[in-house]
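Here is a friendly walk through the charged pairs of one protein, followed by a look at one of its helices. Have the structure open while you read.

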Amino acid sequence: MRRALVALLLLSSCSGGGGSGRTELVYWSAANVQEVELAEKLTEIWNEGHPQVRVVHLPIPESRSSEEVLLAAVAARTTPDVCSAIWPGVVEQFVRARALVRLDTFPDFFRVMESRMGRKVLEQYRSSDGGFYQVPWKTNPILIEYNKKLFEEAGIERPPRTYSEFLKAGEKVTKDLDGDGMPDRWMMFVSTDVRWWQRFFDFYAFYIAASGGRTLLEGRKVSFEDSAAVQVFRFFREGFERGIFPRSGFQVDAFLGGLVAAQVTGPWSIPYLEKYKPEGFHYDFMEVPVPDGYEGPVYTYGDPKNIVIFSTCRRTHEAWEFVKYLISDEADRMLLEVTNQLPIRRDLLEDPKFSDYFRKNPMMVKFARQLPYTRGVDLVPELKEIFDAISMEFEATCIYGRKSPEEGIRDAAERCREILME
């Protein structure tokens with residue numbers, strides 16, 4: 001029923017205005033509570049100041065994933081005018097389908113983008129045809145949260161930086177608490193779920209760190225068949241073999257319950273932890289560990305979401321003006337305050353417009369410091385299949401030890417080359 005209503009609203013109001021002389025734009029946001037609240041506030045403010053360009057906000061229809069909904073909407077030509085729930089990995093599929101407006105055709109595109117984030121960051125989002133079809137909007141740098149008390153009890157004076165330090169710390173933390181010969185507490189939770197997107201939060205974030213900020217591909221050429229990837233596979237394999245990573249999931253919150261001392265996460269966990277942490281629970285965040293001997297800044301996956309204008313939009317100039325409002329100073333402050341997610345914006349910690357937020361939310365400072373050292377994903381339509389291939393080899397090599405790390409990476413790379421040639 002809800003999907004039918006959304007489709008009806010889209011068909012009746014998309015970029016229209018009827019005889020009133022007023023333009024109406026349909027805007028889809030993500031469906032989680034915080035982003036719906038943010039979108040409703042932003043559209044209300046916009047509508048008050050722009051009576052001739054009214055924006056209708058709708059959360060993206062419910063499904064297994066927003067990408068699934070958007071691909072179906074593209075096929076049916078029922079896309080909204082503007083959407084801010086865009087994972088960059090799906091953009092090239094939309095570009096192939098000619099479903100997006102090329103944004104660098106707007107005269108002020110580069111001026112607006114470079115003033116907000118700089119050209120170097122913007123270039124990560126250039127599509128294979130040379131154009132820009134997405135506005136980099138927000139990011140969630142991936143770090144590791146850890147239980148300070150469990151680390152201290154194990155004699156770990158500072159968060160481990162390298163693989164060997166992490167594995168050694170893991171052997172101190174992992175314990176058999178009830179004497180049955182099996183661990184009851186582990187160092188870190190690593191998902192054994194083989195769904196492709198799980199690898200963003202283990203292999204991929206760790207590969208970006210180990211490689212000094214590289215992603216999986218150079219253009220359409222596989223570039224992850226290297227020592228950095230092998231070291232990442234070896235690290236996770238050793239963690240499972242040594243028993244410091246559990247091989248099954250939990251029915252309760254393992255981190256707050258003290259069953260695991262650490263887990264990979266993003267800034268979205270802070271409000272949750274603050275709300276549900278038991279009395280006396282103290283946590284902090286550390287960078288993703290790197291191979292022994294690694295030098296230089298530590299990079300990580302940024303888990304970005306971006307904004308697009310769909311080609312079904314008939315009033316693209318007005319839509320572009322609304323998109324620029326969504327990345328304005330005012331909107332970015334609200335993004336921080338309402339969602340605890342970071343705008344893709346340079347010098348965020350130095351900008352006095354946001355200093356009050358970081359003073360009130362000191363845990364967010366570590367994530368903001370990570371902003372210059374985050375990476376997104378490669379912009380190829382086959383990205384899901386590439387991560388499927390990597391996930392299969394991650395399971396065989398790291399979780400079950402059926403292959404050596406060298407064999408696992410070699411087989412993953414070979415399969416990815418086949419995918420990119422198909």
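A salt bridge here is a side-chain nitrogen of Lys or Arg within 4 Å of a carboxyl oxygen of Asp or Glu. The model you are looking at is predicted, and a search of the whole structure finds 37 salt bridges. As general background, side chains of opposite charge can pair when their charged atoms come close.

**Three pairs**

Let us begin with three of these pairs.

| Pair | Closest N and O atoms |
|---|---|
| Arg-242 and Glu-171 | 3.3 Å |
| Arg-242 and Glu-238 | 2.9 Å |
| Glu-393 and Lys-403 | 2.8 Å |

Arg-242 forms a salt bridge with Glu-171, with 3.3 Å between the closest N and O atoms. This pair links distant parts of the chain: Arg-242 sits in the loop between helix 10 (227-241) and strand 9 (260-265), while Glu-171 belongs to helix 8 (residues 163-173), 71 residues apart. Arg-242 also forms a salt bridge with Glu-238.

How accessible are these side chains? Arg-242 is partly exposed, at a relative accessible area of 40%. Glu-171 is partly exposed as well, at 45%, and Glu-238 is partly exposed at 23%.

The side chains of Glu-393 and Lys-403 meet in a salt bridge at 2.8 Å, N to O. Here, too, the pair links distant parts of the chain, with Glu-393 in helix 16 (residues 383-399) and Lys-403 in the loop between helix 16 and helix 17 (405-421), 10 residues apart. Is Glu-393 buried or exposed? Its relative accessible area is 13%, so Glu-393 counts as buried. Lys-403, at 22% relative accessibility, counts as partly exposed.

**A network and helix 13**

Some charged residues join up beyond simple pairs. Arg-116, Asp-329, Asp-332, Arg-345, Asp-351 and Lys-353 are linked in a network of salt bridges.

One of the network's members, Asp-332, is also among the buried residues of helix 13 (residues 329-339). The others buried in that helix are Ala-331, Met-334, Leu-335, Leu-336, Val-338 and Thr-339.

What covers the buried residues of helix 13? The cover includes helix 2 (33-49), helix 5 (109-117) and helix 12 (316-326). It also includes strand 4 (135-139), strand 13 (342-343) and helix 14 (355-360). Just after helix 13, Asn-340 takes a positive phi of about 60°.

Conventions:
Residues numbered from 1 in each chain as written. Predicted model: local features only at pLDDT ≥ 70, side-chain atom pairs only at ≥ 80, totals over all residues. Heavy atoms only, no water. Helix = DSSP H or I, 4+ residues; strand = E, 2+ residues; numbered from the N terminus. Buried < 20%, exposed > 50% of the residue type's maximum accessible area, 1.4 Å probe, protein only. Contact = heavy atoms within 4.5 Å.
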